[in-house]
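Subject: A structure for you to look through

Dear colleague,

I am handing over a structure that I would like you to read alongside the notes in this message. Please open it first, and then follow the notes one part at a time.

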Amino acid sequence: MRELGVYCEIHPWDISDAEVRAFGARGVILSGGPESVTDATPPKAPEAVFALEAPLLGICYGMQTMAQQLGGRVAAGAVREFGYAEVQVSAPSRLLDGLADRVREGAAVLDVWMSHGDRVEALPPGFHSLASTHNAPFAAMADERRGFYGVQFHPEVTHTRQGTAVLERFVREICGCEARWTVGNIIEDLIARVRAQVGSAQVLLGLSGGVDSSVVAALLQRAIGQQLTCVFVDHGLLRLGEGDQVMQIFASGLSARVIRVQAEDRFMNALRGVSDPEAKRKIIGRQFIEVFENQARALEGIGFLAQGTIYPDVIESAGVRSGKAHVIKSHHNVGGLPPDLKFKLIEPLRELFKDEVRRIGVELGLPHELVYRHPFPGPGLGVRILGEVKAEYAELLRRADHIFIEELRRHDLYERTSQAFAVFLPVRSVGVMGDARRYDYVIALRAVETIDFMTAHWAHLPYEFLDVVSRRIVNEVPGVSRVVYDISGKPPATIEWE
Ligand code: XMP
């Protein structure tokens, strides 16, 4: 919906009727889900959505529960339909008229993506069938009078070729929503809200160089300028040139007030002799908070702490709290700050998805390269140097990693991988270079393709490309004599090595 320029929110199925009414939606979509309405206690749509007098679109499970709740019948299908299917349109409707991938015997045919076991077997009163597949007599249904529609297929996936057109039909023509959710409008709206919330107070932001905190910084700089102070903790485990780059973009480019805290020694000292991955993460996290907190206490009159929380973080935490979400990933913010800091929180991006955050970042003048960067973990190179972290290892790793990324960009592969980086292995292996024997360290290259980072495939990078990277690393990074490529998927391996 948001891609189509219409604001929407995602709420859990057991939201109260009062909350449904208070939201004042112009339309409602009941989403798909892995449950079955034939279970003992299936999730149900809040009754209020049927009484809003607003159009309704049920997708897959959403259509099934809608059918059942409105008096139809759903049965566990004997045949599961999964993947590509051909839908034959059988009746005119505001939802599907004029949409077709082909026309056969005068009827429109749509190529869609299906994923269901159950199917609607009897329509609720007031509905008629719009389309069918081999396995689903009611692949789409409608009650035009009330503006209620159901589709068994998934319009939201790219494999359903007319999917976006179906959604657009629903939101624009049936719900009558205009495309007002545009980047320019979003920014204006965010700025107005930040100003109203903050007033004349001072705001503190932990800047990490990651996309979310960077976009918050750029936004707050535009909204409240001199009332913003950013703290950038350089823990010595950043990528090559990253610290200077952050300063260049924010302090010089955007004229933001940025305090750069050089804390490499502090982090290295705290990490000395520690090789357990979890212990390392905890130490880095704790040091980070201490440094940040020291800075915060030293500043006068800070009223707000800004955070780069985005919408998926909010949805996931809601799922964690209620135990309802099926996809749960722990996320990491400047959490764990002691409560006695007494700041109010300001999270201007908490209603936005990652792609919106990125588009806003570019619009606010952040470099494309920064905004479309691969994710980088909070503990930085600390979890990419296996075992004990040493400054000299970090130096080798930074240089090897930089070569890998530079070549990925040069070969136009960077944006085709979801995340890529080098890992330092503190084992030495024998090599030979210029007739001399070497006994040096190993660098592993990791590159993955993934949508959600919960599962991932290793990227099938071309051999010729890997050859270029390997040669450059061994030639240009003294101390490294061997380069290997990680061909493990997730699961069983995680993306990071620690
Ligand atoms: P794993 O290694 O669990 O990583 O497959 C999944 C994604 O999460 C990132 N990651 C982290 N991000 N702090 C972060 O901010 C962390 O401690 C952390 N650990 C892993 C990882 O880079 C990948 O994108």
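In which loop does E53 lie? Before the answer, please keep in mind that this is a predicted model. E53 belongs to the loop between β1 (28–30) and β2 (56–59), and its phi is near 60°, which is a positive value in a residue other than glycine. Because its relative accessible area is 79%, and exposed means over 50%, E53 is exposed.

D435 can be read beside it, since it too has a positive phi in a residue other than glycine, here near 70°. D435 sits in the loop that runs between β14 (419–433) and β15 (436–449), and at 81% relative accessibility it counts as exposed.

**The chain as a whole**

The chain contains 13 helices and 17 strands, and its C-alpha atoms fill a box of roughly 80 × 60 × 40 Å when this is taken along the principal axes. Of the 498 residues in the chain, 51% are buried.

**Two residues to compare with the picture**

Q64 has its place in helix α2 (residues 61–69), and because its relative accessibility is 3%, while buried means under 20%, it counts as buried. The side chain of Q64 is joined to that of Q152 by a polar contact of 3.1 Å.

R94, by contrast, is found in a loop, the one between β3 (73–89) and β4 (102–104), and with 42% relative accessibility it counts as partly exposed. Although R94 and Y149 are 55 residues apart along the chain, their C-alpha atoms are separated by 9.7 Å.

**The ligand**

There are 12 residues around the ligand, and those that come nearest are R281, Q419, K490, I495 and E496. The shell that these residues belong to divides into five nonpolar, four polar and three charged residues.

Three distances to oxygen atoms of the ligand are worth finding on your screen. A polar side-chain atom of E496 lies 2.5 Å from an oxygen atom of the ligand, a polar side-chain atom of Q419 lies 2.7 Å from an oxygen atom of the ligand, and for G378 a backbone N or O atom lies 3.1 Å from an oxygen atom of the ligand. On its own the ligand has 490 Å² of accessible area, of which the protein covers 82%.

K490, one of the residues that come nearest to the ligand, also takes part in a cis peptide bond, which joins it to P491 with omega at about -10°. The peptide bond that follows, from P491 to P492, is cis as well, with omega near 10°. P491 lies in the segment after β17 (480–485), and P492 lies in the segment after β17 too.

**The cavity**

How many cavities of 30 Å³ or more are counted? The count comes to one, and about 30 Å³ of space lies in the largest cavity. Its lining is made up of G209, E242, Q245, V246, I249, L370 and R373, a set that divides into three nonpolar, two polar and two charged residues. Helix α6 (residues 242–253) gives the most to this lining, with four residues.

With best wishes,
A colleague

Definitions and conventions
Residues are numbered from 1 along each chain as its sequence is written. Side-chain values use heavy atoms; hydrogens and water are left out. On a 1 Å grid over the protein atoms alone, a cavity is a set of points where a 1.4 Å probe fits but cannot get out, and a pocket is an open set with protein on both sides within 12 Å along at least five of seven lines; lining residues have an atom within 4 Å of a point. Grid points are joined across faces, edges and corners, and a volume is the space filled by probe spheres set on the points. Helices (H or I, at least four residues) and strands (E, at least two) are DSSP runs, numbered from the N terminus. Ala, Val, Leu, Ile, Met, Phe, Trp, Tyr, Cys and Pro count as nonpolar, Asp, Glu, Lys and Arg as charged, and the others, Gly among them, as polar. A residue is near a molecule or strand if one of its heavy atoms lies within 4 Å of it. A polar contact is a pair of N or O atoms within 3.5 Å; within protein, one must be able to donate a hydrogen and the other to accept it, and residues adjacent in sequence count only if both atoms are side-chain atoms. Accessible areas come from the Shrake-Rupley method with a 1.4 Å probe; for residues, only the protein chains shown count as cover. Buried means under 20% relative accessible area, exposed over 50%, partly exposed in between (1.4 Å probe, protein chains only).
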